[in-house]
Structure formats: structure tokens, C-alpha cells
Protein chains: 2
Amino acid sequence: MKNFSDYLYLSDIGHTNAKIWRDGNIETIPLQKFKPEQITQKIFYINVNHQIQKTLSQLPNWIDLKNYFSIKTNYPNLGIDRKVAIFEIENGIVVDLGTAITIDILKNGTHLGGYILLGKSGTLKTFQEKTPHLKFQQISENSEYPNLTENALYFGFFQPIINFIQSIQAKENLKIILTGGDAQEFFNLINFPATLNKNLIFENMQKIVKYKNLK
Amino acid sequence: MKNFSDYLYLSDIGHTNAKIWRDGNIETIPLQKFKPEQITQKIFYINVNHQIQKTLSQLPNWIDLKNYFSIKTNYPNLGIDRKVAIFEIENGIVVDLGTAITIDILKNGTHLGGYILLGKSGTLKTFQEKTPHLKFQQISENSEYPNLTENALYFGFFQPIINFIQSIQAKENLKIILTGGDAQEFFNLINFPATLNKNLIFENMQKIVKYKNLK
């Protein structure tokens with residue numbers, strides 16, 4: 001028996017990589033190597049990259065899903081990736097940990113606003129350019145606060161974000177949903193409840209293709 | 001009448017700039033333009049930059065203060081800039097907002113550990129490389145959470161750090177001392193007590209020169 005997702009091609013294009021979903025398998029292609037014209041099948045995409053949009057608009061098999069996601073929000077320039085991530089979430093804090101980290105707050109079906117932070121890879125890269133001798137990693141130690149530079153950097157990156165999300169959670173009493181490439185690592189570091197869904201974007205893209213009968 | 005600081009030359013060398021204190025006036029020189037051999041007067045310095053250290057060690061008028069600052073800590077590789085910033089602070093959270101942001105916790109005269117975060121300039125620069133169309137600035141708006149991308153980026157950078165410092169403060173009940181190039185901006189954003197001292201590093205370097213009779 002065939003599933004709905006069979007022969008379904010999806011793509012999520014950001015500022016660093018293009019991710020291609022082919023029947024449940026995900027390929028991540030750095031933008032420099034991304035050649036959308038090489039994909040000849042019908043493919044549904046979302047894209048936040050202005051430069052690549054020109055190429056995509058000229059390819060008839062590349063179908064932009066951006067106008068299908070309608071979100072109740074006062075945020076005029078909310079990126080399509082964030083719209084897809086929060087799609088159908090009535091109440092929650094959606095945290096997408098990718099090249100950028102976006103934090104979006106939803107209450108009673110309305111998007112109240114959100115934040116954009118620099119993600120782990122960009123932070124790490126910038127530190128390594130300035131201070132290549134410093135390592136960014138988690139090392140077991142007994143002290144309450146980091147006494148090793150590796151941990152000072154590692155928890156200096158993660159701990160403020162953890163505290164921040166927890167403080168919004170405490171204030172709004174909303175569930176936390178984590179997605180994106182660094183979501184698993186973040187999930188391992190927190191000691192409060194959260195839902196981890198790495199494929200949130202592709203799952204919501206699939207939903208729209210199904211609901212709107214686009215396939 | 002002459003002050004102690006007259007004819008006193010100090011330098012604080014980081015990974016981006018060298019700051020020179022001449023009798024109370026501060027000059028900031030980008031490292032590419034920094035020529036220490038052009039300063040022929042006696043000058044006391046601290047330096048965290050491994051590459052420049054070789055040159056400085058060969059200049060007899062450049063006097064390294066690094067061995068004069070002794071701090072009670074279990075942090076073996078605590079940078080000299082952080083040691084100078086926390087010098088003589090018995091109880092407090094010292095936040096140095098520069099190229100990097102360092103957060104150090106002191107209790108009963110002991111340094112308990114600390115964190116290193118990427119500072120504003122590096123975060124801004126990394127975002128602008130990826131997404132040059134996005135602006136990073138504070139714009140007045142009425143919503144509780146940012147609804148403008150400018151604010152999503154601006155508060156996405158500052159708010160987690162503000163919350164983090166406040167959470168350490170609440171836990172440890174320590175005063176907060178702010179220093180570094182972005183300290184004034186940070187100070188303007190917080191709604192809890194803190195002491196702003198932009199010249200903490202140079203003031204503490206002066207103290208050591210005086211205490212140890214090095215001038």
C-alpha cells in the first residue's frame with residue numbers, strides 16, 4: 001500500500017542549506033552546491049532566500065507553498081519558515097534551532113510575536129575565527145558555574161537561551177515545541193518538559209499539500 | 001598638582017582592538033593598525049591575543065601586568081582581562097560586554113566560574129553576512145513580544161542575556177557590575193539595579209601599578 005508521502009518531494013530553503021525531502025528521506029545541500037534545475041519532478045517548497053527566489057520562480061515544477069499558510073499575527077514580515085513551523089499550533093512556544101534560532105509565542109490561535117537569535121553554528125564559527133585556540137564543547141565538571149573555557153563557551157551559548165525560553169514558559173504557561181538541527185542537543189540540556197519534533201517543517205508542508213489537494 | 005594617572009600609559013589588548021589609555025584619554029585601535037613599537041614610553045598592558053604577545057615580549061617598554069593580578073579561583077585558564085575586571089570584587093556578578101561578553105560570579109572573595117558569550121558586534125556581523133536585508137535595531141512598538149524583525153533580532157540578542165544575568169542575580173543575591181563597550185546600551189535596557197563602570201579594566205590596572213609601585 002502506498003502512503004500519501006510516497007512520491008512527495010518537498011524542499012525547505014534557508015540562508016545556509018537547502019533541505020530536500022524525498023518520500024521521507026532528507027538530504028541537506030549547502031547553498032553553493034544547490035542546483036534546483038536538476039530536480040525535474042514536481043516539488044513543493046518554502047524559501048526565505050531572496051537570491052534563490054528568482055531561479056525558483058522560473059522553474060514550473062517548483063511550487064511555492066508560501067501563500068497557503070495563513071497565520072493570525074500582527075508580525076508583517078514573519079518568515080515563511082516560521083509560519084510553517086507554527087502552523088496549526090493554538091498554544092505553544094515554538095523554538096526552531098537552525099542557522100538562526102527563532103522563538104515564536106502562540107496563544108489561543110494567535111501569534112503574539114517572537115525572537116530571532118544567532119544559532120550554534122554561526123556563533124561557533126565567529127568564535128573560531130577570532131579565537132581558534134578556544135574550544136566550544138561540553139565537558140563534565142563538578143562546579144556550579146563553568147571553570148573550564150570549553151564549558152564557559154558551551155553553556156554561555158545554551159544557558160541564556162534555556163533560561164529565556166523557560167521564563168516565557170513560566171509567564172505564559174505554554175507547552176514548548178522544539179525543532180531544527182540543534183533541537184536534539186538543546187532537548188538533552190533542558191530539565192523542563194518540551195516536545196521534540198525534528199520534522200515539524202516537512203510535516204506541516206505535507207499537511208498543506210494534502211489539505212489543499214496540491215499533489 | 002599632578003595626579004597619579006598623569007604620564008601613565010596603559011593598554012588593554014583583545015582579539016579585535018587594542019585600547020590605549022593615555023592620562024585618562026582612551027584610544028581604540030583596530031588590531032590591523034596596531035603598531036606597539038611606535039609607542040616608546042613606558043606602558044603597562046594586559047593582552048589575551050597570542051599572536052601579538054611575541055611582539056610585545058620583545059619591547060622592553062611594554063610591561064605585562066598579567067602576573068600581578070592574583071584571583072582565588074578554580075578556573076585554570078581564566079583570561080587576564082577577566083581577572084582584571086573582577087579584581088578586588090568580593091561579591092558580585094561582573095559582566096564585560098565587549099567583542100565577547102564574559103559573565104563572572106564572585107562570592108566571598110572567590111571566583112565561582114563564569115560564561116563567555118558572543119558579543120553584539122560579532123552577532124550583528126554574522127547576521128548581516130547571511131541576511132543583509134535584515135536590520136538589527138530597537139523600534140518602539142506596543143506588543144508584548146516583538147512583531148517587527150528589527151526588534152526580534154535586537155531583543156533576541158539582548159533579552160536572553162538580560163534574563164540570564166537576572167536569574168543568576170536572583171539565585172545568588174549579588175550586585176551586578178557592568179563594563180565594556182556595550183555596557184551603556186545594556187544598562188539602558190535593564191530594569192534591575194546594576195553598577196555601570198566603563199573604565200573598570202583601566203581603573204584596576206591603575207590600582208595594580210600603584211599598589212606594586214611599578215610606575
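**An enclosed cavity and the A–B interface**

One cavity of 30 Å³ or more is present in the structure, a cavity being a set of points on a 1 Å grid over the protein atoms alone where a 1.4 Å probe fits but cannot get out. The model is predicted, with local features needing pLDDT of at least 70 and side-chain atom pairs counting only at pLDDT 80 or more, while totals for chains, interfaces and linings use all residues. Residues are numbered from 1 along each chain as its sequence is written, and side-chain values use heavy atoms, with hydrogens and water left out.

The volume of the largest cavity, taken as the space filled by probe spheres set on the points, is about 240 Å³. Its lining (residues with an atom within 4 Å of a point) comprises 22 residues, with A:L118, A:F157, B:L117, B:L118 and B:F157 closest to the centre. By type, the lining divides into 18 nonpolar, four polar and no charged residues.

Turning to the interface, chain A and chain B each bring 44 residues to the contact (heavy atoms within 4.5 Å). About 3800 Å² is buried between the two chains, 62% of it from carbon and sulfur atoms; buried area is the accessible area (1.4 Å probe) lost on being put together, summed over both parts. B:I116, B:Y145 and B:N147 supply 19% of the area that chain B buries against chain A, more than any other three residues.

Two salt bridges link the chains, each a side-chain nitrogen of Lys or Arg within 4 Å of a carboxyl oxygen of Asp or Glu. One of them pairs A:K171 with B:E144 at 2.3 Å, N to O.

How values were computed. Chains are lettered from A and ligands numbered from 1 in the order in which they are written. On a 1 Å grid over the protein atoms alone, a cavity is a set of points where a 1.4 Å probe fits but cannot get out, and a pocket is an open set with protein on both sides within 12 Å along at least five of seven lines; lining residues have an atom within 4 Å of a point. Ala, Val, Leu, Ile, Met, Phe, Trp, Tyr, Cys and Pro count as nonpolar, Asp, Glu, Lys and Arg as charged, and the others, Gly among them, as polar.
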